[in-house]
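Hi,

Here is the structure I promised to pass on. Have a look at it first, and then read my notes underneath.

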Amino acid sequence: EKKAKAVKAAKLADPIKASIDKATQEMIVRAQELGIDTVFDRAENMKPCNIGMQGICCKNCSMGPCRLPLPKGGIEGEDTRKSLCGATANTIAARNFIRMVAGGAAAHSDHGRCVAEVFLSVARKESKDYQIKDTDKLLSIAPYFDVAVTVEVDGEEVDRDIDEIALEVAEKAMNEWGKAEGELYYLKRAPEALYEKWKKQGVLPRNIDREIVEIMHRTHIGVDQDYKNLIKQGTRAAIADGWGGSMLATDLQDVLFGTPYPVQSEANLGVMKEDHVNLILHGHEPVLSEMVVAAAQTPEMVEYAKSKGAKGIQLSGICCTANEILQRHGIPTAATFLQQEMAIITGACDAMVVDIQCIMQNVANVANCFHTKLITTHPIARMEQENVIHIEFDEHHAMEDATKIVKLAIDNFENRRAEVMIPRHKNTQIAGFGVESVEYHLGGSFRGSYYTLNDNIINGRIRGIAGVVGCNNARTRHNEGHIEVVKELIKNDVIVLTTGCNGIACAMEGLLTPEAASVYCGPGLAEVCETVGIPPVLHLGSCVDNSRILLAAAEVVKAGGLGKDISDLPAAGSAPEWMSEKAISIGHYFVVSGVYTVFGYTLPTSGAPVFHDYLSKELENLYGGMWDLEVDPIKHAQKMIAHIDKKRKALGIDR
Ligand code: XCC
């Protein structure tokens, strides 16, 4: 009762202002009726620090935190702000910015490392529960690691043993995190012109871990104090993420679990079923969720669920785990990042299993108000609350662990207490696109026919390509930025590639269906989508799968007719509601791969105008891409379209 009073004294979120999504609005009301606070309420009661938001608070030593607010009325003449040690606003903002890159790159890359370790143990035949599902993918990536796929026997080229190839690729891939010499193998997958730019700027990443460590060193008190040199290291680490850790994560996941192809499914809280055991998978690494999916689909488990009075087991996902199990198995998506507490507030979540990243600690408090079992599984991501169960997942007995988790969910079905209230809202989605399937669905190659992507860009039916990705942020109206930006783009014939929580938002809005073409698209894009039967917004997966967007862009360049580098393409990037450090790392590797990238909400650079200008203007001269900030979603999309038109003009294909 005490707790309920405390919540009442606090301000409550206005459901309509908090989200554009009906299911979310209903669940905000439901939570408030039950006296449970959610992230939306907390956002009403805790305002962010304005100085921190602008990137000009340095807390890298105990003489600080040193805060360097912009003078009222802006800076006239020389900017004389400095910290105790004398660090300027530019130095502080650049340090903070690249520490965010380090955090993001570390998260993606450590995820990749974990996948690489599983792959290595599979290649060594130490994990019987996983197999190599996609040998074609393995053969396609082997040459990048200088691993031969054929051998000469008696003067003849014959296929090499696949197990041998796997082992060699696995060892070389593992080595990418810490090799002593050379540079990352995958850098050569970038267009040559881009690779040369990186080389000229001296930003070719040496190994993944080193670039992240070096950021932590350089941003320590009294080391690097030149914002240009600081951001150079941020660039190295970001490239090591996009073209390294993330790309390795994507590829090795495809090798182990299969390369995704388009599948039909559904999205939003309405995918949960009252009469089923609801087991929700939340987090990022498919290593665990793949096994849980397999375990839950065994006849024994289904029978067991029935013996407990349920009609079956309903799996669903949250955040990027949702995207992983969606694209490979068609498992429906329950929620975006901001809806995670709501999945429990339905009263129908029998177990939520989490691994790493984007898991709010408050889900444990919410679970405590219901019968929901919350299960952490990763040694690096535990929670202090006592109701949380920890089942440490180990690839060597993966199926056993997964079965334990599924059983726990089933056994908990009969313990449901509160009245169940699952919002009825959900939408159909087609997801599971990738470089391979974009090529396949659009004429079997990138160039050379009426259907292909390059030809449709050149003839102007498709005005350009946009990558719209990233998180939700409780400081902006849930999903509004995502949906408005994407709708404005497709209305103007820009095809959208999506990942992460933007993908989920688009799914919930019905934009991931071929039918969306005739409703929302301009005539050119609608014609292409209707001819080949694809949605105008193509869901490419999770956040590490932003590497698929890089590779798609590289393929488009390679196919010809649209310039020599990614920066020549009529393309732009966007994260309308970003919040995580991973988003900054992604944004930066898009920028230094040549993409004009616009973020919504805010950028932690506004307090250091010189540094901000460097990111938004000067970087274009070095890499062809640059940062921008635009809060208004329509202007945000229009800026991307203006950039696309600028590139079309430069290519001599303006419409
Ligand atoms: Fe997390 Fe990847 Fe952001 Fe969603 S989009 S809130 S990082 S789940 Ni990547």
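Below is what I found, starting with the annotated sites and moving on to the helices around one of them. Keep in mind that this is a predicted model.

**The site with H284 and five cysteines**

The UniProt record, an unreviewed entry, lists H284, C320, C358, C471, C501 and C543 under "binding site". They are spread over 260 residues of sequence, yet they cluster in space, with a largest C-alpha distance of 13.2 Å.

I followed up two of these. C320 sits in helix α14. It is buried, since 31 other C-beta atoms lie within 10 Å of it and 20 are enough to count as buried. Leaving out residues up to four places away in sequence, C320 touches H284, G500, S542 and C543. H284 and C543 are on the UniProt list as well.

C501 is in helix α21. With 36 C-beta neighbours inside 10 Å, C501 also counts as buried. Beyond its neighbours within four places in sequence, C501 is in contact with C319, T336, F337, G470, C471 and N472. Of these, C471 carries the "binding site" annotation too.

**How the helices pack there**

So how do α14 and α21 sit against each other, at what angle and how far apart? Helix α14 (residues 319-329) packs on helix α21 (residues 500-508) at about 70°, and their axes are 8 Å apart. The two are therefore roughly perpendicular, as angles from 65 to 115 degrees count that way. The crossing of α14 past α21 is left-handed. On the α14 side you'll find C319, C320, A322 and N323, and they meet G500, C501, G503 and I504 of α21. Sorted by class, that contact has five nonpolar residues, three polar ones and no charged ones. Both C320 and C501 take part in it, and both are on the record's list.

Helix α21 has another partner, α20 (residues 480-491), whose axis comes within 9 Å of that of α21 and crosses it at roughly 75°. Here again the helices are therefore roughly perpendicular to each other. H482, I483 and V486 from α20 meet N502, A505 and C506 from α21. This contact has four nonpolar residues, two polar ones and, once more, no charged ones.

**The cysteines earlier in the chain**

Another "binding site" annotation in the unreviewed UniProt entry covers C58, C61, C66 and C85. They span 28 residues in sequence, but no two of their C-alpha atoms are more than 10.6 Å apart, so they gather at one spot.

C61 is in the loop between β1 and β2 (66-67). It comes out as partly exposed, because it has 15 other C-beta atoms within 10 Å. C85 is in the loop between β2 and α6 (89-123). C85 likewise counts as partly exposed, with 15 C-beta neighbours inside 10 Å. Not counting residues up to four places away in sequence, C85 touches M63, I221 and G222.

The same entry also has a "binding site" annotation on C49 and C57. Which of these two is buried, and which is exposed? C49 counts as exposed, with 11 C-beta neighbours inside 10 Å, whereas C57 has 22 and counts as buried. As for where they are, C49 is in the loop between α4 (39-45) and α5 (50-53), and C57 is in strand β1 (residues 57-58). Apart from neighbours within four places in sequence, C57 is in contact with I51, G52, P65 and R67.

**One more residue to look up**

I458 is in helix α19 (residues 453-458). It is partly exposed, with 19 other C-beta atoms within 10 Å; the cut-off for buried is 20. The C-alpha atoms of I458 and D654 are 8.9 Å apart, although 196 residues separate the two along the chain. I458 also touches G561, L562 and I653, again not counting residues up to four places away in sequence.

If you only have time for one view, try C320 in α14 together with C501 in α21.

Cheers

Key:
Residues are numbered from 1 along each chain as its sequence is written. This is a predicted model: local features need pLDDT of at least 70, side-chain atom pairs count only at pLDDT 80 or more; totals for chains, interfaces and linings use all residues. Axes are lines fitted to C-alpha atoms, for helices over the stretch in contact, and angles run from 0 to 180 degrees between N-to-C directions. Helices (H or I, at least four residues) and strands (E, at least two) are DSSP runs, numbered from the N terminus. Angles under 35 degrees count as roughly parallel, over 145 as roughly antiparallel, 65 to 115 as roughly perpendicular and the rest as oblique. A crossing is left-handed if the near helix is turned anticlockwise from the far one by less than a right angle, and right-handed if clockwise. Two residues are in contact if their C-beta atoms, placed from the backbone, lie within 7 Å. Ala, Val, Leu, Ile, Met, Phe, Trp, Tyr, Cys and Pro count as nonpolar, Asp, Glu, Lys and Arg as charged, and the others, Gly among them, as polar. UniProt positions are given in the numbering used here, feature names are shortened, and annotations may be inferred rather than shown by experiment. A residue is buried if 20 or more other C-beta atoms lie within 10 Å of its own, exposed if 12 or fewer, and partly exposed in between; C-beta atoms are placed from the backbone.
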